[in-house]
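This report is written for a reader meeting the structure for the first time. It follows the packing of nonpolar side chains and the pairing of charged ones.

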Amino acid sequence: MIVNNRVKSASFIIISILILLSVILSFLTNPVSPTPWVLIAALCMMPLIKQKHIKQIKWSKEYSIGIEYIDQDHKKLLHLLNQFSIAFDYAQCEEFEREALAELVSYTKYHFKREEKLMEDYGYPGLPEHQEEHQAMIDKVEEYVAIYNIEGHDSLKQVTNLLTYWLINHIQESDTQYRDYLVELGADEFDI
């Protein structure tokens, strides 16, 4: 049986409350017993146990383009993607999910415009193909957002997987194609 994230989050909260109640009852019935202290330790460990299941993408030097503000954009995109993953994994509030998704989509569009402007300013010959990739991604994400607006939380795993896979591959493959061309022309020395 597949248990969705909302059920997991609710179970986590219920278990935490039960442990807390057990601690209180243990202190009331036998204040010198080690049982409440063991339960307090278990309660303190609960967030750590929950957090281990969240997959976070960490910045790696292999993602670097060598143009500082583009690298900063990519770091922010990874941060927003991680926030979105947390919103999905914890499944506590639909509003938080929507905000995280909207911010991720908005910043992605902003980044694409900055990147395309940089390529245009330096006359990068592969700009049309890169713009097509960006537009295809935006179209796909908007398609998933529409599905999310209909199906809700359960459709977010697809969005998370798509964005994670696409972003890392796009940085490592497509963005590295323009890196040498732009860095050679001095793009790394300027800021937009």
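## Charged pairs and a nonpolar core

Glutamate 143 has a relative accessible area of 42% and is therefore partly exposed, a class that lies between buried (under 20% relative accessible area) and exposed (over 50%), with a 1.4 Å probe and protein chains only. The model is a predicted one, in which local features need pLDDT of at least 70 and side-chain atom pairs count only at pLDDT 80 or more, while totals for chains, interfaces and linings use all residues. Residues are numbered from 1 along each chain as its sequence is written, and side-chain values use heavy atoms, with hydrogens and water left out.

Glutamate 143 forms a salt bridge with lysine 140, where a salt bridge is a side-chain nitrogen of Lys or Arg within 4 Å of a carboxyl oxygen of Asp or Glu. The two residues are three apart in helix α5, so about one helical turn separates them; helices are DSSP runs (H or I, at least four residues), numbered from the N terminus. Lysine 140, at 33% relative accessibility, is also partly exposed.

Five salt bridges are found in a search of the whole structure, and the table gives some of them.

| Pair | N to O separation |
|---|---|
| Arginine 114 and aspartate 73 | 2.9 Å |
| Glutamate 142 and lysine 109 | 2.8 Å |
| Glutamate 143 and lysine 140 | 3.7 Å |

Glutamate 142 in helix α5 and lysine 109 in helix α4 are 33 residues apart in sequence, so their salt bridge ties together separate parts of the chain. Glutamate 142 is partly exposed at 37% relative accessibility, and lysine 109 is partly exposed at 30%.

Arginine 114 and aspartate 73 are both buried. In the salt bridge that these side chains form, arginine 114 of helix α4 is linked to aspartate 73 of helix α3, 41 residues apart.

The nonpolar side chains form the other part of this picture. The largest nonpolar core has 40 residues, and Ile67, Leu118, Tyr178 and Leu182 have the most contacts inside it; such a core is a set of buried Ala, Val, Leu, Ile, Met, Phe, Trp, Tyr and Cys residues joined through side-chain atoms within 4.5 Å. Helices α3 (68–90), α4 (94–121), α5 (127–151) and α6 (156–184) each supply at least two residues of this core, and α6 gives the most, with ten residues.

Beyond its neighbours within four places in sequence, leucine 182 is in contact (heavy atoms within 4.5 Å) with Ile67, Leu118, Met119, Tyr122, Tyr124 and Ala187.
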